[in-house]
Amino acid sequence: MDSIIETQRQTHEEIERYETALYSLLSRNQPTHEIRVQTEHKAAQVLDRISSRVTALHNSYLDEDARKAEIGTLSAPAAAQNDLSEFYARLVKVQDHYNKYPDAVAGGFDMELAAILEEGNQDGLEDDYEEEDPISLLFSGEEAYGKYLDLYANHTAYNNLKNISKRLPYLQYLDILLAAQNGLLHSELSKEARATKDYEVYIQQLHDYLLSFVKRTQPLVDIQTKHQEAEVEFYQKWDDGEFVDWDESKITKRSANADGAGEGVWCSACQKSYSKRTVYDAHLTSKKHMKAIAKQAASEKPPQNPNGTQNITAQLTGNVQLVKSRLRSSALLTYLSTSLLVVLVPTISETKSNVERRFSLTAREREQELLEQSKPPPAPMNTSGDAAAEEEEEERIYNPLKLPLGWDGKPIPYWLYKLHGLGVEYRCEICSDHVYMGRKNFDRHFQESRHAFGMRALGLPNTKHFHEITRIEDALSLAEKLKQEGRHEIFEQETMEELEDDEGNVYNRKTYEDLKKQGLI
């Protein structure tokens, strides 16, 4: 069992079987995003196991002494060709092992492969039973199994940065991240804002999250190698001075003074430092300062100054070096985050669309959506044979006349096509010159949304008076005619309707109302 040759043979077999399992995983149908992520994670696990076994196999081949010793033990000399003592000694070891562990499973590797290749809900269990999905634990609820990014914490940290012009809402923050595909990230910030400690902490958190998200959603991508290449590329550009917006000479002077907390004013008599000149001038007239001056004059020992010239110079030099190191680290993290954002541009676009969609939902609709997401997806139906037959049948459909398809997905008969006049075109100018095939579709479209929208755009009501009207000029002239007829009807109503007063005199409505207003009736 401890034979190095048998170990190498077994390792070769495991590698080959892992490669076959990897092919089986990647060749499966992946209809949903969740299934694709699960399959890629399983494939990444298989690749890791193949890599570890290849490394172990390579190391075993390098150990030539062990191989020679094993071959020498197995090879009997010519004088003792029938000596099977080594064989029986190893057989006894095998028997002792299984006597000691009688419940040991012989096919452990087969069970491991079966667990990797196993698909969910294949045993026909009840729907109430939900299998635990370890991949879903890698994502938060906002990320929705890796479909969207959860950048709310980073958005808050961005708005809390110093020296920024204004605080941005979440959608505009996503637009800034999308703009990274056209240039370096956060080029809209001032140089003073990028040189602060808060920005370094913010960009570090953003970089760590993006790197973690890429590893979780794209486990088959060698992101670590790409990361190292981007880092080497950054150092080359930094040494060549290509990052003009990160010029050290212009930023370190201001930042060093800000980090140094100011030199202040030192009072040698009081042995105290004052941050402001006004405070220093005010204390000169105090009794404590007068006593300190008198005591200093009586003493022969020179005054101490902890903030001497050498210490101040050393402090400023240390501050400048600290700011340079921070600036370079922030620039590196910004460059690496930009390279990650370029990879995640489609995901950020989907995240922005999802945020805009959720803004338009009510609280009840959001709760309903969460309930639907919590439900497990239905198991795929095993109808591969029927589906293949249907696909072959669909591929054989012959439709040279481009006839419309019926309810069964096949072209309708040609006589039916001619009967309904589906070959006749009806164009409607109000519907933006849309063409309707057949008289029935043309008559029906006057009550559809497309035609109603065109009538609203013209400022006209979509009533039965405008039925069969397809030209804009005809519709406008008809509307003017209907308006004039309406005025004439109103005039006729005023002149034809008769009213009687208390004395029995009969007047039309217009005359009656005029006399009543004058008080004559």
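**Group meeting: aromatic pairs, a surface patch and one leucine**

Okay, so the protein has 22 helices and six strands. Keep in mind that this is a predicted model. There are 521 residues in the protein, and 26% of them count as buried. The accessible surface comes to about 35,800 Å², with 52% of that belonging to carbon and sulfur atoms. On contacts: if you take the ones between residues at least 6 apart in sequence, 57% join residues at least 24 apart.

Let's go to the rings. How many aromatic pairs does the structure hold? Twelve. One of them is Tyr-199 with Tyr-202, a tilted pair, 6.0 Å centre to centre with 50° between the planes. Both tyrosines sit in helix 9, residues 197-217, and they're three residues apart, so about one turn of the helix. Are these two buried or exposed? Tyr-199 is buried, and Tyr-202 is as well.

Here's another pair to set beside that one: Phe-442 and Phe-446 are edge-to-face, with 5.1 Å centre to centre and 75° between the planes. Phe-442 has 5% relative accessibility, so we call it buried. Phe-446 comes in at 1%, so that one is buried too.

Back to the tyrosines for a second. Tyr-199 and Tyr-202 belong to a cluster, linked by ring pairs, that also takes in Tyr-158 and Tyr-173.

Now out to the surface. Leu-84, Phe-87, Tyr-88 and Leu-91 make up a nonpolar patch there, and together they have about 400 Å² of accessible area. If you want to find Tyr-88, look in helix 4, residues 85-100. Why do we call Tyr-88 partly exposed? Because its relative accessible area is 47%, and partly exposed covers the range between the 20% and 50% cut-offs.

Last stop, Leu-341. You'll find Leu-341 in helix 14, which covers residues 309-343. Its relative accessibility is 0%, so Leu-341 counts as buried. And which residues does Leu-341 touch, leaving out those up to four places away in sequence? That list is Leu-177, Ala-180, Leu-185, Leu-210 and Ile-348. There's also a C-alpha separation to point out here: Leu-341 and Leu-178 are 163 residues apart along the chain, and their C-alpha atoms are separated by 7.4 Å.

That's my tour, so over to you for questions.

Notes: Residues numbered from 1 in each chain as written. Predicted model: local features only at pLDDT ≥ 70, side-chain atom pairs only at ≥ 80, totals over all residues. Heavy atoms only, no water. Phe/Tyr/Trp six-rings, centres within 6.5 Å; stacked < 30°, edge-to-face > 60°. Helix = DSSP H or I, 4+ residues; strand = E, 2+ residues; numbered from the N terminus. Buried < 20%, exposed > 50% of the residue type's maximum accessible area, 1.4 Å probe, protein only. Patch = residues over 30% accessible without salt bridge, like charges linked within 9 Å, V, L, I, M, F, W, Y side chains within 5 Å. Areas by Shrake-Rupley, 256 points an atom, 1.4 Å probe, with all protein chains shown as cover. Salt bridge = Lys/Arg side-chain N within 4 Å of Asp/Glu carboxyl O. Contact = heavy atoms within 4.5 Å.
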